[in-house]
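Q: Before we look at anything in particular, could you show me how to read the strands and the nonpolar interior of a model like this?

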Amino acid sequence: MPNHHLTDSWLLDYAAGSTAEAQGLLVATHLALCAPCRLRIKEYEALGGALLDELPPTPLSPSAGDRLQQALQTLEAAPAASPTATSRTAAPAASAPDPAPPRRRGPKVFSRPLAVSLPGPLRPYVHGRLEELRWRRLKEGLSEAELPLPTDGPRTRLLLLQAGATIPRHAHKGTEGVLVLSGGLSDRERHMRRGDVMICDDSVIHDNVADPDEDCLSLVVTEGPIRLTGALGGLISLVKKL
């Protein structure tokens, strides 16, 4: 069972249906792995329903009532469709299924076979095997694969950190959500395993390291780029100024 959970604000937004697709995918994937957060979601949904029941009814305006009456009269006056016609329109022509996307074999990014069962909400975004995604190597031991979500929203990707590899010390511009799907991930404050989630804002500065005996696969949703803050970040900043 996960030890690190989503904040109340994330769960409340999800229960109210006000999250974007990227954040909603992160929440739904965590809920598939976390029974306590599923219970909290049910409580928030029940609370929202109770609050709606307590709201006084809003009377219809006279014009709205007139439009409703006209619509009802129109329906009553419309001729009933014959069973034959209904059966013809209700049975669309069969179409061939969409062809499976071609398999692409990217660079070798797994240091060893990765046995992970993807939670249900995530599976539609991952076609085929994890090894066949379009992986991009960011540095030695660190690779990413973008997921097919709207490009005008937060970046949503799978991040693979090979056993023992590190993500250099960095800060965030905007909010970042990290959900561990396989293996383990540590920073200086927490150790995360499957189902654990971490939400970082622009006040968080940290580094990450994968457990030494297993590759770590995570779902990551970021609203903005990260900024390296350690010695490597200083070197990159210096090079940019030259």
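A: Let us start with pairing, where two strands count as paired if DSSP finds at least two bridges between them. Bear in mind throughout that this is a predicted model.

Q: How many bridges join strand β4 to strand β9?

A: Strand β4, residues 166-172, is joined by four bridges to strand β9, residues 205-210, and the two run antiparallel. Within this pair, threonine 166 of β4 has valine 209 in β9 as its bridge partner.

Q: In what order do the strands of the open sheet lie?

A: The sheet is open and has five strands, which follow one another as β7-β6-β9-β4-β11 with antiparallel pairing. Because β7 (191-192) and β11 (226-228) each have a single partner strand, they stand at the edges, and one side of each is left without a neighbour in the sheet.

Q: Is serine 186 buried or exposed?

A: The reasoning rests on a cut-off, since buried means under 20% relative accessible area. Serine 186, which is found in strand β6 (residues 185-186), has 17% relative accessibility and therefore counts as buried. If neighbours within four places in sequence are left aside, serine 186 is in contact with His191, Asp207, Asn208, Val209 and Asp211.

Q: Which residues does valine 197 touch, not counting residues up to four places away in sequence?

A: On that count, valine 197 touches His4, His5, Leu6, Leu26, His30, Val178, Leu179 and Met192. Valine 197 lies in strand β8, residues 197-200, and is buried, with a relative accessible area of 4%. As for leucine 179, its C-alpha is 4.4 Å in space from that of valine 197, although the two residues are 18 apart in sequence.

Q: Where do the residues of the largest nonpolar core come from?

A: In soluble globular proteins, nonpolar side chains tend to be buried together. Here the largest nonpolar core has 31 residues, and those with the most contacts inside it are Leu122, Leu130, Leu147, Leu158, Leu217 and Leu219. At least two residues of this core are supplied by each of α1 (8-15), α2 (21-33), α3 (35-54), β3 (155-161), β5 (176-182) and β10 (216-222), and the largest share, five residues, comes from α2. Apart from this core lies another, of 14 residues, including Leu159, Ile167, Met192 and Cys216.

Q: Which residues does leucine 219 touch, again not counting residues up to four places away in sequence?

A: Leucine 219 touches Leu25, Leu26, Thr29, Leu122, Leu147, Thr156, Arg157, Leu158, Gly177, Val178, Leu179 and Leu181.

Methods: Residues numbered from 1 in each chain as written. Predicted model: local features only at pLDDT ≥ 70, side-chain atom pairs only at ≥ 80, totals over all residues. Heavy atoms only, no water. Buried < 20%, exposed > 50% of the residue type's maximum accessible area, 1.4 Å probe, protein only. Contact = heavy atoms within 4.5 Å. Core = buried A, V, L, I, M, F, W, Y, C linked by side-chain atoms within 4.5 Å.
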